[in-house]
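Subject: Structure handover

Hello,

I am passing this structure on to you. Please open it first, then read the notes underneath.

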Amino acid sequence: PDNGGSLRSEVERALARHGLRQLVVTQPGEYRLLQAFERWQAEGLATLDVRPDSRFLCGPGEFASWAEGRKNLRMEYFYRHMRRRYSVLLDGDQPCGGQWNYDADNRKPPALHSAIPSPYRCRPDAITEEVLALVQSRFSEHPGDLQPFEFATTRTQALAVLKQFIEQRLGKFGDFQDAMIEGEPWMYHSHLSFYLNCGLLLPLECVRAAERAYREGSAPLNGVEGFIRQILGWREYVYGIYWHLMPAYAEQNYLAAKRDLPGFYWHGRTELNCLRQVISETLANAYAHHIQRLMIVGNFALLIGVEPKQLNQWFLQIYADAYEWVELPNVSGMVLYADGGYLASKPYAAGGAYINKMSNYCKNCRYQVSKKTGPQACPFNYLYWHFLASNRDKLQNNPRLGLAYKSYDRMAADKRETIQNDAEAFLANLQ
Ligand code: FAD
Ligand code: SF4
């Protein structure tokens, strides 16, 4: 009841209570917090000892050494370095199967006939129930659903989630990594980010468990490599990029985007079925898988030009696995191209055809994905061209967008005008 209400005041009190002069901390997950610790030291509160964070395999110092002198910090090269460093999926010094990356095999559209195993569900224990009651009493006005609460909260439960993934989902993880099905928020993904990020699981034990499944013949190489790439590659890489580029990274806005985040991101009531599905599932589960985050909620925000800080705020508040070191590079770098292409070689912008190929959302939508303009047309279609036209000065020299600009320029002038008018009318009514 007499809590000082800030981290600093409580640390100060603990130091005084025990007569201590040294503060030992784990490398925090936010730049802001490390700055605060350093400020406290400068102000004479205590001497500071920052220890490495064992939730990661490559700390900020090691990443900086890897990055030094390199023109290009692409994830793929970092990932190969990590595979070699930890001897993962290697036969001798060569990658298993002869290739480092099987991404091209991991883009199958959804298979609607196959039954997807249910995710691991944990029953809350007495402590969790007590915390749920506290959250309900203090934060009942906040967005999202508290019930049912089925996350693991102990090490034993988190290990059971990992085991179930390896036995039941890893086999199809690769094939359907990018697929989305209405009413199937969990698909064949691992649902491990919550536990990796808070330290109930360690990255290398997840990587080794997947590799073991491949070596024993119970999971195919494309899925195992794809899963390992996410953890040993992407997760470590975005952690490195975050510490390498902060604090400037949080201020980037290469495309000068300034639109407010649409209100429906907080409740999901919109006629665009793909967004309605993903946002509703997000509010219910505090989870969406990667392609839902990147190509549905992220892609839409990119196309309409949402101001980066607002989208970052939303992602940080809405997902149970959100920590700034991972959320910021994914949102500002991967989704919004706010870093001007440091992380992604081109913006992940897509029209309705991509969503229709990778999901069944369009079947139940009031818009028609095949229509490019007019009141029935899928808004992603005209917004895509509007995005390219509006950002021509920044994007047209990107070699990976050359074909898209050529297609746009080849359209008849009146078609281009209709596209722009439809997009402007849609944007004017957005809020
Ligand atoms: P799986 O698909 O099973 O992947 C296995 C693991 O790989 C994940 O648990 C995660 O630890 C790691 N991983 C996969 N993709 C990434 C990635 N792009 N960056 C870093 N690690 C990755 N992940 C978070 O942990 N916290 C976030 O706040 C977060 N915000 C994101 C925001 C956007 C816009 C995007 C596009 C991605 C974000 N991600 C974030 C990455 C990814 O979407 C989640 O890690 C993943 O969806 C978690 O579900 P899963 O455990 O079932 O993952
Ligand atoms: Fe989304 Fe367009 Fe498909 Fe509707 S038609 S679900 S808006 S992609």
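Below is what was found in it, taken place by place.

Please keep in mind that this is a predicted model.

**The two ligands**

Start with ligand 1. It is surrounded by 29 residues. The closest are H189, S190, H191, N197 and Y287. Three polar contacts of ligand 1 deserve a look, and each uses an oxygen atom of the ligand. One pairs an oxygen with an N or O atom in the side chain of N197, at 2.8 Å. Another leads to an N or O atom in the side chain of H290, at 3.1 Å. With S193 the partner is a polar backbone atom, and the distance is 3.1 Å.

Now ligand 2. Where does ligand 2 sit? It sits in the largest cavity. The residues around ligand 2 are L272, N273, C274, I355, Y361, C362, C365, Y367, V369, C378 and F380. How many of the residues in this shell are nonpolar, polar and charged? Ten are nonpolar and one is polar. None is charged.

**N356, in contact with part of that shell**

Move on to N356. This residue belongs to helix α15, which covers residues 352-358. Is N356 buried or exposed? It falls in between: N356 counts as partly exposed because its relative accessibility is 35%, and that class lies between 20% and 50%. Beyond its neighbours within four places in sequence, N356 is in contact with C362 and V369. Both C362 and V369 are also among the residues that surround ligand 2. L336 is another matter. It is 20 residues from N356 along the chain, and the two C-alpha atoms are separated by 22 Å.

**Two glutamines in helix α6**

Helix α6 runs over residues 155-168. Both Q157 and Q164 lie in it.

Take Q157. It is buried, because its relative accessible area of 18% is under 20%. A polar atom of the Q157 side chain lies 2.8 Å from the backbone nitrogen of T153. Leaving out neighbours within four places in sequence, Q157 is in contact with Y120, C122, R123, F151 and A152.

Then Q164. It is buried too, with a relative accessible area of 14%. Its contacts, again without neighbours within four places, are S118, P119, Y120 and R169. Note Y120: it is in contact with Q157 and with Q164.

**R293 in helix α12**

R293 is found in helix α12, and that helix spans residues 290-304. H290, a partner of ligand 1, falls in this range as well. Is R293 buried or exposed? R293 is buried, because its relative accessible area is 17% and the cut-off is under 20%. A polar atom of its side chain lies 2.7 Å from the backbone oxygen of A288. Not counting residues up to four places away in sequence, R293 touches Y287, A288, G298, F315, Y319, D321 and V335. Y287 is also one of the closest residues to ligand 1. V278 is 15 residues from R293 in sequence. In space, the two are 8.2 Å apart, C-alpha to C-alpha.

**Backbone details in the loops**

Which peptide bonds to proline are worth checking by eye? Two cis bonds turned up. The bond from Q147 to P148 is cis, with omega near -5°. P148 is in the loop between α5 (126-139) and α6. The bond that joins M246 and P247 is cis as well, and omega is about 5°. P247 is in the loop between α10 (221-245) and α11 (273-285).

Next, positive phi values in residues other than glycine. S87 has phi near 50°. Its place is the loop between α4 (75-85) and β3 (90-91). S87 is partly exposed, with a relative accessible area of 48%. A286 has phi near 55°. It lies in the loop between α11 and α12.

**Where to begin**

Begin with ligand 2 in the largest cavity. Step from there to N356, by way of C362 and V369. Then go to ligand 1 and its contact with N197. Y287 takes you on to R293. Leave the loops for the end.

Best wishes

Key. Residues are numbered from 1 along each chain as its sequence is written. Chains are lettered from A and ligands numbered from 1 in the order in which they are written. This is a predicted model: local features need pLDDT of at least 70, side-chain atom pairs count only at pLDDT 80 or more; totals for chains, interfaces and linings use all residues. Side-chain values use heavy atoms; hydrogens and water are left out. A residue is near a molecule or strand if one of its heavy atoms lies within 4 Å of it. On a 1 Å grid over the protein atoms alone, a cavity is a set of points where a 1.4 Å probe fits but cannot get out, and a pocket is an open set with protein on both sides within 12 Å along at least five of seven lines; lining residues have an atom within 4 Å of a point. A molecule sits in a cavity or pocket if more than half of its atoms lie within 2 Å of its grid points. Ala, Val, Leu, Ile, Met, Phe, Trp, Tyr, Cys and Pro count as nonpolar, Asp, Glu, Lys and Arg as charged, and the others, Gly among them, as polar. Helices (H or I, at least four residues) and strands (E, at least two) are DSSP runs, numbered from the N terminus. Buried means under 20% relative accessible area, exposed over 50%, partly exposed in between (1.4 Å probe, protein chains only). Contact means heavy atoms within 4.5 Å. A polar contact is a pair of N or O atoms within 3.5 Å; within protein, one must be able to donate a hydrogen and the other to accept it, and residues adjacent in sequence count only if both atoms are side-chain atoms.
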